[in-house]
Amino acid sequence: MTDTNRSGFVTFVGRPNVGKSTLTNALVGEKVAITSDKPQTTRRAIRGILNRPGGQLVIVDTPGLHKPRTLLGQRLNDLVEQVLGDVDVIGFCVPATEKVGPGDRRIAESLSGYGRAKKVAIVTKTDAASRDQIAERLLEVDALREDWAAVIPISALTNDQLDVVSDELLALMPAGPALYSEDIVTDESVDDRVAEIIREAALDGVRDELPHSIAVMVREIAPREGTDLTDIFADIVIERDSQKAIIIGKKGARLSDVGARARTQIEPLIGTRVFLSLHVRVAKEWQRDPKQLGRLGF
């Protein structure tokens, strides 16, 4: 490795659901952050690690900034604040498909509070927008701040301009050796990644009021003796009895579908066939209860 190596931390901010987790996964080249069409589904500062010839980018995928309505919401916002204060570069994301609005303006202005980080504007979802829309968006975003180090249109779905973004971000990082060994794509534990995969499968297709009530706790991951099977026992935790029926579905059909979909993603991660046992339990109003939040890792 040469002395000109660069490495550092970048995070992407923006309104919920502007494509931050999708961008993180596309850059890392492997799924480290769950993606969902429900806003505010990222709950931890997940680190994805991207190695390039010139150095290493550590991507911190944070929850979207939002007006908190619960203790969980407040803790997620605190987490974002903490991450923003620590990173070297902040990438501000706006989808090409929607006009810049008050929420975008508020977040762009708030970046002034993080003086040490360089700022880059990223226009996402260009695959779903017309050339005129993209041009219009680039102008709108460019006008939000005077200190953008770059303004880049990308599509994480079609990998369009991803190399440009990673090179641009790397060039803004401080000189220094890699922070993680080159064979690591995330510092998330296997338990955490398995829990997130199950939660993503459980989120798919649920009604709008339910996503925030779903948490997943992995109780055990253990190889089954004398076989090439791994047993995984996990709880899907919700807040009310009425939600239990929604998650389980008619005659358990929905729960077994969640298990089947999660298993197809867990097996490549674990490297063996998986027996996945899911149990749904109710923890009343856990999003507002400090003890429950602690138990669930928030």
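This note sets out numbered points on the charged pairs, the strands and the aromatic rings of a predicted model.

1. Salt bridges in general. Side chains of opposite charge can pair when their charged atoms come close. In this model, the count comes to 19 salt bridges. The points below take up some of these pairs, beginning with those made by Glu140.

2. Glu140 and Lys99. These two residues form a salt bridge in which the closest N and O atoms are 3.7 Å apart. Glu140 belongs to helix H4 (residues 131–142), whereas Lys99 lies in the loop between strand E4 (89–95) and helix H3 (102–110), so the salt bridge ties together parts that are 41 residues apart in sequence. The partners may also be described by their accessibility. Glu140 is partly exposed, with a relative accessible area of 22%, while Lys99 counts as exposed at 55%.

3. Glu140 and Arg137. Glu140 also forms a salt bridge with Arg137, and here the closest N and O atoms are 3.1 Å apart. Both residues lie in helix H4, three residues apart, which is about one turn of the helix. Arg137 has a relative accessible area of 2% and is buried, whereas Glu140 is partly exposed.

4. A network of charges. The pairs in points 2 and 3 are part of a wider arrangement. Lys99, Glu136, Arg137 and Glu140 are linked in a network of salt bridges. The student may find it useful to locate these residues together in the structure.

5. Asp235 and Arg281. The side chains of these residues meet in a salt bridge, with a distance of 3.0 Å from N to O. The pair links distant parts of the chain, since Asp235 is in strand E8 (residues 229–238) and Arg281 is in strand E9 (residues 273–282), 46 residues apart. Asp235 is buried, with a relative accessible area of 5%. Arg281, at 27%, counts as partly exposed.

6. A buried arginine. Which side chain of opposite charge is nearest to Arg254? It is Asp257, at 6.2 Å, and Arg254 has no salt bridge although it is buried. A salt bridge requires the nitrogen and the carboxyl oxygen to be within 4 Å, so a separation of 6.2 Å does not qualify. Arg254 lies in helix H8 (residues 253–270). Its side chain reaches the backbone oxygen of Ala202 at 3.0 Å.

7. Strand E8 and its neighbours. How many of the 10 residues of E8 are buried? Nine are, and the strand is therefore mostly covered, a residue being buried when its relative accessible area is under 20%. Strand E7 (residues 215–223) pairs with E8 in the antiparallel sense over eight bridges, and Met217 stands opposite Asp235 in E8. E7 and E8 form a hairpin with five residues between them. In the turn of this hairpin, Gly226 has a positive phi of about 70°. E8 and E9, by contrast, run parallel and are joined by 10 bridges. Asp231 stands opposite Phe275 in E9.

8. The stacked aromatic pair. A search of the whole structure finds two aromatic pairs. In one of them, the rings of Phe92 and Trp148 have their centres 5.6 Å apart and their planes at 15°, so the pair is stacked. Phe92 is in strand E4 and Trp148 in strand E6 (residues 148–153), so the pair ties together parts that are 56 residues apart in sequence. Both residues are buried: Phe92 has a relative accessible area of 0%, and Trp148 has a relative accessibility of 11%.

9. The edge-to-face aromatic pair. Phe233 and Phe275 form an aromatic pair that is edge-to-face, at 6.5 Å centre to centre and 70° between the planes. Phe233 lies in strand E8 and Phe275 in strand E9, 42 residues apart, and the pair links distant parts of the chain. Phe233 is partly exposed, with a relative accessible area of 26%, and Phe275 counts as partly exposed at 38%.

10. A charge over a ring. Phe275 has a further partner. The charged end of Arg224 sits over the ring of Phe275, 5.4 Å from its centre. Phe275 thus appears in several of the points above: Asp231 stands opposite Phe275, and Phe233 forms an edge-to-face pair with Phe275.

Definitions and conventions. Residues numbered from 1 in each chain as written. Predicted model: local features only at pLDDT ≥ 70, side-chain atom pairs only at ≥ 80, totals over all residues. Heavy atoms only, no water. Helix = DSSP H or I, 4+ residues; strand = E, 2+ residues; numbered from the N terminus. Buried < 20%, exposed > 50% of the residue type's maximum accessible area, 1.4 Å probe, protein only. Lys, Arg positive; Asp, Glu negative; His and termini not counted. Polar contact = N/O pair within 3.5 Å; in protein donor to acceptor, adjacent residues only side chain to side chain. Pairing = 2+ DSSP bridges. Phe/Tyr/Trp six-rings, centres within 6.5 Å; stacked < 30°, edge-to-face > 60°. Lys NZ or Arg CZ within 6 Å of the ring centre and 35° of its normal.
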